[in-house]
Amino acid sequence: MKIDMILAVVDSFAASLRLIADEQDLQIAEALSKRLTACTITPRGGKK
């Protein structure tokens with residue numbers, strides 16, 4: 001549950017940054033996103 005809150009905060013922060021980013025910032029973010037991998041980690045015991 002705590003990780004969901006952290007991810008929501010990070011997602012909100014990233015959305016805020018996209019609003020103020022210029023074209024070069026967006027190009028850098030796009031290039032980085034192609035090299036990064038996201039994963040989901042289930043809690044111990046597999047319960048959600």
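Modeller: Helices here are DSSP runs of H or I with at least four residues, and strands are runs of E with at least two, numbered from the N terminus. This is a predicted model, in which local features need pLDDT of at least 70, side-chain atom pairs count only at pLDDT 80 or more, and totals for chains, interfaces and linings use all residues. Residues are numbered from 1 along each chain as its sequence is written, and side-chain values use heavy atoms, with hydrogens and water left out.

Biologist: How many helices and strands does the chain have?

Modeller: The chain has 2 helices and 0 strands.

Biologist: Which helices supply at least two residues each to the lining of the second largest pocket?

Modeller: Rolling a probe the size of a water molecule over the atoms shows where empty space is left. A pocket is an open set of points on a 1 Å grid over the protein atoms alone, where a 1.4 Å probe fits, with protein on both sides within 12 Å along at least five of seven lines; lining residues have an atom within 4 Å of a point. Here α1 (2-20) and α2 (23-33) each do so, and α2 gives the largest share, 5 residues. Among the lining residues are Leu 17, Arg 18, Asp 25 and Ile 28.

Biologist: How is Ile 3 classed by accessibility?

Modeller: Buried means under 20% relative accessible area, exposed over 50%, and partly exposed in between (1.4 Å probe, protein chains only). Ile 3 is in helix α1 and counts as partly exposed because its relative accessibility is 47%.

Biologist: What percentage of the chain's residues count as buried?

Modeller: Of the 48 residues, 0% count as buried.
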